[in-house]
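Hi,

Here is the structure I said I would pass along. Have a look at it first, and my notes follow underneath.

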Amino acid sequence: AFGVVADIQFADAEDGYDFGGCRRRYYRSSLRLLREAVRAWAAESPPVDFVLQLGDSIDGQNARRGEAESALQQVLEVLGQLSVPVHHAWGNHELYNFSRARLVHTGLYSRPAGGSDGPADRECHAYHCSLAPRLRLVVLDTYDVSTLGTDPASPRYQESLRVLREKNPNDDLNSPEGLKEPHFVAFNGGFSQAQLDWFDEVLKFSDENQEKVIVTAHVPIHPQASNGVCLAWNHAAALAVIHAHGCVLCVLAGHLHDGAYCQDSHGVHHLTLEGLVETPPDSNAFGTVHVYEDKMVLKGRGRIPDRVLRF
């Protein structure tokens, strides 16, 4: 069993709205809701074995307020009350607050020590680990190719900007207006070829060892588990890797605060979790997933519905 939560986006700030000005965001109360989630996970029987935090743990406005470090510390202190590991995906809001180089030295860097569990690039926050006999977790970095959190003089930034500009001619690179492929916006990102090659090798290992795999990432990688905008730039390449193997059970993502779900043509479940930050203070948005031989059962709280994902 494991806990899941997405898009906490905590800030010690009054309620605000999304970029469109229509969706209310409850920045301050999200920390209290996270505390409720932690208490619920701690009381689960059988106990949870780990928690997945699917990215955007703090809100981008913390950078402008000079409160990025303190906001992150408050979130990590709440999650630190758990006696089990927490696996963190990196989202766009982490990268509004910190450079990739800095994130490596924060509590959000959950990639295991040593060099064999992820790609050679230590700033790529992709990794895998064994969760239980014949069950593996893969955490993908959906901002491996991105203009966010990267030195504008670096090759990573220049290549990411080239990819983005090729698809998005808008003055505002966060605007999908008029785009044939509206997911090519700056608040999304993509996968380097090195990460995709590494991912392919991990899944090959799991195939050969009769393992099943849970994949997690901040940005959805299937169009039907998205609104068409909140989608990884080269999601098709990541899907091609998954579909070349038979071991992946599901892909868990955040980023799209409304949540979404589909089962794709290869039987893989794609579940995008509802965001905590847009959850009214009298509700919540987290869940506990129980894994069985033939299914995963999500017990949702508040905005997150119960689901049964059969294999």
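Which residue forms a salt bridge with E36? The partner is R32, and the closest N and O atoms of the two are 2.8 Å apart. Before you read too much into any distance here, bear in mind that this is a predicted model.

**Salt bridges**

Let me stay with that pair for a moment. E36 and R32 both belong to helix α1, which covers residues 29–42, and they sit four residues apart, about one turn of the helix. E36 has a relative accessible area of 27%, so it counts as partly exposed. R32 is partly exposed as well, at 33% relative accessibility.

Over the whole structure, the search turns up 20 salt bridges. Helix α6 (residues 155–167) has a pair of its own: the side chains of E159 and R162 meet in a salt bridge, 2.7 Å from N to O. Why are these two about one helical turn from each other? Because they are three residues apart in α6. E159 comes out as partly exposed at 37%, and R162 is partly exposed at 42%.

K167 forms a salt bridge with E181, with 2.8 Å between the closest N and O atoms. This pair links distant parts of the chain, since K167 is in helix α6 while E181 is in the loop between α6 and α7 (193–208), 14 residues away. Both ends are partly exposed, E181 at 32% and K167 at 33%. There is also a network in which salt bridges with shared partners join R23, R25, D258 and E278.

**The nonpolar cores**

How many residues does the largest nonpolar core have? The count is 81, and the residues with the most contacts inside this core are F2, W41, F199, V248 and L252. If you want one to click on, try V248: leaving aside neighbours within four places in sequence, V248 is in contact with L203, V213, V215, I242 and V268. Apart from the largest core lies another one, of seven residues, including L179, V185, F187 and L256.

**Helix α1**

Back to α1, this time for its geometry. The helix has 14 residues and reaches 20 Å from its first C-alpha to its last, close to the 20 Å expected at 1.5 Å a residue. Its buried residues are S29, S30, L31, L33, L34, A37, V38, A40 and W41. W41 is also one of the residues with the most contacts inside the largest core. What covers the buried residues of α1? The cover includes strands β1 (2–5), β4 (50–53), β12 (285–291) and β13 (295–302), along with helix α3 (68–79).

**Aromatic pairs**

The search finds four aromatic pairs in the whole structure. In one of them, F2 and F50 are stacked, with 4.8 Å from centre to centre and 10° between the planes. F2 lies in strand β1 and F50 in strand β4, so the pair ties together parts that are 48 residues apart in sequence. F2 is buried at 1% relative accessible area, and F50 is buried at 6%.

F184 and W233 form a stacked pair too, at 6.1 Å centre to centre and 25° between the planes. This one links distant parts of the chain: F184 is in the loop between α6 and α7, W233 is in the loop between β8 and α8, and 49 residues separate them. Both F184 and W233 are buried.

**The loop between β8 and α8**

That loop holds a couple of other residues I looked at. H218 is found there, between β8 (212–216) and α8 (235–243). Is H218 buried or exposed? Its relative accessible area is 0%, so H218 is buried. The side chain of H218 reaches the backbone oxygen of L54 at 2.8 Å, and makes a polar contact with the side chain of D56 at 3.3 Å.

P220 has its place in the loop between β8 and α8 as well, and is buried at 1% relative accessible area. Not counting residues up to four places away in sequence, P220 touches A225, S226, C230, L231, A232, A253, G254, H255 and T272. If you need a distance to check your indexing, the C-alpha atoms of P220 and V78 are separated by 26 Å, with the two residues 142 apart along the chain.

Cheers

Terms used
Residues are numbered from 1 along each chain as its sequence is written. This is a predicted model: local features need pLDDT of at least 70, side-chain atom pairs count only at pLDDT 80 or more; totals for chains, interfaces and linings use all residues. Side-chain values use heavy atoms; hydrogens and water are left out. A nonpolar core is a set of buried Ala, Val, Leu, Ile, Met, Phe, Trp, Tyr and Cys residues joined through side-chain atoms within 4.5 Å. Buried means under 20% relative accessible area, exposed over 50%, partly exposed in between (1.4 Å probe, protein chains only). Contact means heavy atoms within 4.5 Å. A salt bridge is a side-chain nitrogen of Lys or Arg within 4 Å of a carboxyl oxygen of Asp or Glu. A polar contact is a pair of N or O atoms within 3.5 Å; within protein, one must be able to donate a hydrogen and the other to accept it, and residues adjacent in sequence count only if both atoms are side-chain atoms. The expected span of a helix is 1.5 Å times one less than its number of residues. Rings of Phe, Tyr and Trp (its six-membered ring) pair if their centres lie within 6.5 Å; planes under 30 degrees apart count as stacked, over 60 as edge-to-face and the rest as tilted.
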